[in-house]
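Have a look at the model below before reading on. The questions start with its charged pairs and then turn to its inside.

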Amino acid sequence: MGLIKTTKEVAILKKEQFLLRQPGIIGEEEFRRYAVLVPLIDIDGITYLLFEKRSSTLRYQPGEICFPGGKHEAGESLQECAVRETVEELLVNQKQIEVIGPGDIYISPFNLMIHPYIGIIREYRNTFSTDEVEEIIKVPLDFFRNQQPEKYESRLNHEPPKDFPYERITGGENYPWAKGTYEILFYHYENWIIWGMTAQIVKSAVNLIDEYNIGI
């Protein structure tokens, strides 16, 4: 039976736990969370990234190119979300998917947070659900290694609500709000355009693949 800890011992333990805690993100609860798989496939010894062209019947981003993935649901981990969505969209068996590890999180200025996972799909047979996917696109990994994306800078400005209490801040309506920018990337491969959030995730994932020597 363990000894009852003194108040001082509890305080020391709490301090140690705080030192080791993983920091959260302020305002995180306001973000919509999604998870995607960055799938690697092998074709005749060449490694490809596998993308989807979203169905034109979908309400959100119809016809755009993306990775398999979707909204995080309660009770599942983010990795489980990425795998589940991949199984549903590409009609593969979960056993065909090997998750290698997490990519870097993409945080959109529009209250969106995407958690990528880099993984391998083995023995992929070009299957997909026509409810969500119009077609699949395979791009050699070396294309992204050798091709720098086009970059465009978009500006973000504050637009307070009409009932904003300007009288409470120095400068009132003339307050010098900070302005920000975010980068929009474009990759052109054959007749395909991979851009926006997906392009950002591609660039980050390819850097991680090379840094950690990830291969099939």
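**Charged pairs, cores and odd spots**

Q: In the salt bridge that R122 forms with E98, how far apart are the closest N and O atoms?
A: A salt bridge here is a side-chain nitrogen of Lys or Arg within 4 Å of a carboxyl oxygen of Asp or Glu. R122 and E98 form one, and their closest N and O atoms are apart by 2.7 Å.

Q: How many residues apart along the chain are R122 and E98?
A: R122 is in the loop between β7 and β8, while E98 is in strand β5. (Helices, H or I with at least four residues, and strands, E with at least two, are DSSP runs numbered from the N terminus.) The pair links distant parts of the chain, and the separation is 24 residues.

Q: What kind of model is this, and how are its residues numbered?
A: Local features need pLDDT of at least 70 and side-chain atom pairs count only at pLDDT 80 or more, totals for chains, interfaces and linings use all residues, and the model is predicted. Side-chain values use heavy atoms, with hydrogens and water left out, and residues are numbered along each chain as its sequence is written, from 1.

Q: Which class of exposure do R122 and E98 fall into?
A: Under 20% relative accessible area is buried, over 50% is exposed, and anything in between is partly exposed (1.4 Å probe, protein chains only). R122 comes out at 37% and E98 at 36%. So R122 and E98 both count as partly exposed.

Q: How many salt bridges does a search of the whole structure find?
A: E134 and K53 are one such pair, meeting at 3.3 Å, N to O. They also link distant parts of the chain, with E134 in strand β8 and K53 in strand β2, 81 residues apart. Searching the whole structure gives a salt bridge count of nine.

Q: Why are R145 and D142 about one helical turn apart?
A: The side chains of R145 and D142 meet in a salt bridge at 2.8 Å, N to O. R145, at 37% relative accessible area, is partly exposed, and so is D142, at 42%. About one turn lies between R145 and D142 because their spacing in helix α3 is three residues.

Q: Is E85 buried or exposed?
A: E85 belongs to a network of salt bridges with E73, E76, R84 and E88. E85 sits in helix α2, and, leaving out residues up to four places away in sequence, it touches G69, G70 and K71 (contact means heavy atoms within 4.5 Å). Its relative accessible area is 10%, so E85 is buried.

Q: How far is the C-alpha atom of E73 from that of R122?
A: E73 lies in the loop between β4 and α2 and is partly exposed at 44%. Along the chain, E73 and R122 are 49 residues apart, and their C-alpha atoms are separated by 26 Å.

Q: Which element gives the largest share of the largest nonpolar core?
A: A nonpolar core is a set of buried Ala, Val, Leu, Ile, Met, Phe, Trp, Tyr and Cys residues joined through side-chain atoms within 4.5 Å. The largest one has 31 residues, and L49, F51, I114, V139, F144, I194 and V202 touch the most other members. Elements giving two or more residues to it include β1, β2 and β10. The largest share, eight residues, comes from α4.

Q: How many residues are in the second, separate core?
A: L37, Y48, I97 and Y124 are among its members. This second core is separate, and its residue count is 17.

Q: Which backbone nitrogen does the side chain of S108 reach?
A: S108 sits in strand β6 and is buried, with a relative accessible area of 5%. At 2.9 Å, its side chain reaches the backbone nitrogen of F110.

Q: Which non-glycine residue in the loop between β7 and β8 has a positive phi?
A: L91 is not a glycine, yet it has a positive phi of about 55°, and its place is in the loop between α2 and β5. In the loop between β7 and β8, a residue that counts as exposed at 62% also has a positive phi of about 55°, and that residue is E123.

Methods
A polar contact is a pair of N or O atoms within 3.5 Å; within protein, one must be able to donate a hydrogen and the other to accept it, and residues adjacent in sequence count only if both atoms are side-chain atoms.
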